[in-house]
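Student: I am new to this structure and would like a close look at one part of it rather than a tour of the whole. Could you choose a starting place and follow the contacts outward from there?

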Amino acid sequence: MCLILLFVHPMLTVSAAANGLMLWYQNILPALLPFAILSNILISSGVFYHISGILYPFIHLLIPCSRNACFPLLSGFLFGFPMGSRICAQMLEENQLSRDEAVILFAICNNISPMFIASYIVHDTLRQDGLLLPTLGILYLPPLILCRILYAFQCDNLRQKETAPRLKLNFSIIDAGIMNGFEILCKLGGYIMLFSILLEQITFYVPQKLLQLPLCISLEVTNGIRQISEEALSPQLGYALILSLTSFGGLCGFAQTYSMVASQKLSMKYYLLVRISLAFCAFLLGYMIYPAG
């Protein structure tokens, strides 16, 4: 389909690719690249272990996780998707997390960042700053509750590495962290570009709005949120759909997550089940909590 559109409507394809790459260049690259580089350096140097030690007494009160798990938990909730899954995969590869724990964390920690929620969703799209705290609560509390439940029933082995990693920081580690960070972000840029082309195809080849909308909003979070806000839906239903899509992450997000964890063979079926459950929960809570009138 992409090739057909490329040959039949080349300018349409070029425009869609350019839009995807501009979204990546202007929003994704500056937001995620510094953290991707720094997280690689922190894990490879062993510094993350001491950061986790500071956080562990507080996080362990909420979730019965290992000391090492504090770093991906905090990163996944604060710095945004898909870095949570990437850090889990990298720590599993470095033998800093057990597989049981990594499987739970990579599905739970892959969340949209608070900055994106506050700026793009609440301020720019909904234009109701008063919804910021309820929105953050709906998107972040259910994953934390589910995480505690999954730890109780699925995690028998918390960590494989009991001793503190040796601290080491040199230019080789920094160079590797920079190259690894660019590799991660280039992958994300490629997926965003391909899904932008696919979105343009659906818009072009499916003129019926009733069929077009569910296909388009399920592909990618940013464009999906924009399309939901432009539809003549009730504010209550629109809010619930936006939260549901944000919690799920879209099919583009699913593909990006797979690219982050493929080397460690973490189960994407499990990830999909967790994200669909959280998306359903976000829809119900958003629909019930949205202020009447």
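**From one serine outward**

Tutor: Ser 52 sits in helix α3, which covers residues 47-62; helices here are DSSP runs of H or I with at least four residues, strands are runs of E with at least two, and both are numbered from the N terminus. This is a predicted model, in which local features need pLDDT of at least 70 and side-chain atom pairs count only at pLDDT 80 or more, while totals for chains, interfaces and linings use all residues. Residues are numbered from 1 along each chain as its sequence is written, and side-chain values use heavy atoms, with hydrogens and water left out. The pLDDT, which is the predictor's confidence in each residue from 0 to 100, averages 86 over the protein, and 95% of the residues score at least 70.

With a relative accessible area of 0%, Ser 52 is buried (under 20% is buried, over 50% exposed and anything in between partly exposed, with a 1.4 Å probe and protein chains only). Leaving aside residues up to four places away in sequence, Ser 52 touches Arg 67, Asn 68, Cys 70 and Phe 71, where contact means heavy atoms within 4.5 Å.

Phe 71 leads us on to helix α4 (residues 70-78), which packs with helix α5 (residues 83-93) at an angle of about 160°, their axes 8 Å apart. Axes are lines fitted to C-alpha atoms, for helices over the stretch in contact, and angles between N-to-C directions run from 0 to 180 degrees. That angle makes α4 roughly antiparallel to α5, since angles over 145 degrees count as roughly antiparallel, under 35 as roughly parallel, 65 to 115 as roughly perpendicular and the rest as oblique. From α4, the residues that make this contact are Phe 71, Pro 72, Ser 75 and Gly 76, and from α5 they are Gly 84, Ile 87, Cys 88 and Met 91. These residues divide into five nonpolar, three polar and no charged, where Ala, Val, Leu, Ile, Met, Phe, Trp, Tyr, Cys and Pro count as nonpolar, Asp, Glu, Lys and Arg as charged, and the others, Gly among them, as polar.

Beyond α5 comes the loop that leads to α6 (99-108), and Asn 95 has its place there. Most residues other than glycine have a negative phi. Asn 95, although not a glycine, has a positive phi of about 65°, and at 34% relative accessibility it counts as partly exposed.

What surrounds α6 itself? Eight of the 10 residues of α6 are buried, so this helix is largely enclosed by the rest of the structure. The buried residues are Glu 101, Ala 102, Val 103, Ile 104, Leu 105, Phe 106, Ala 107 and Ile 108, and they pack against α4, α5, α8, α13 (250-261) and α14.

Following α14 (residues 268-289), we reach the helix where confidence is highest, at a mean of 94, whereas confidence is lowest in α10 (residues 209-217), at 75. The axis of α14 comes within 8 Å of that of α12 (residues 235-248), and the two cross at roughly 160°; the helices are therefore roughly antiparallel to each other. Among the residues that meet here are Leu 237 and Leu 241 of α12, and Leu 272 and Ile 276 of α14. The residues of this contact divide into 13 nonpolar, four polar and one charged.
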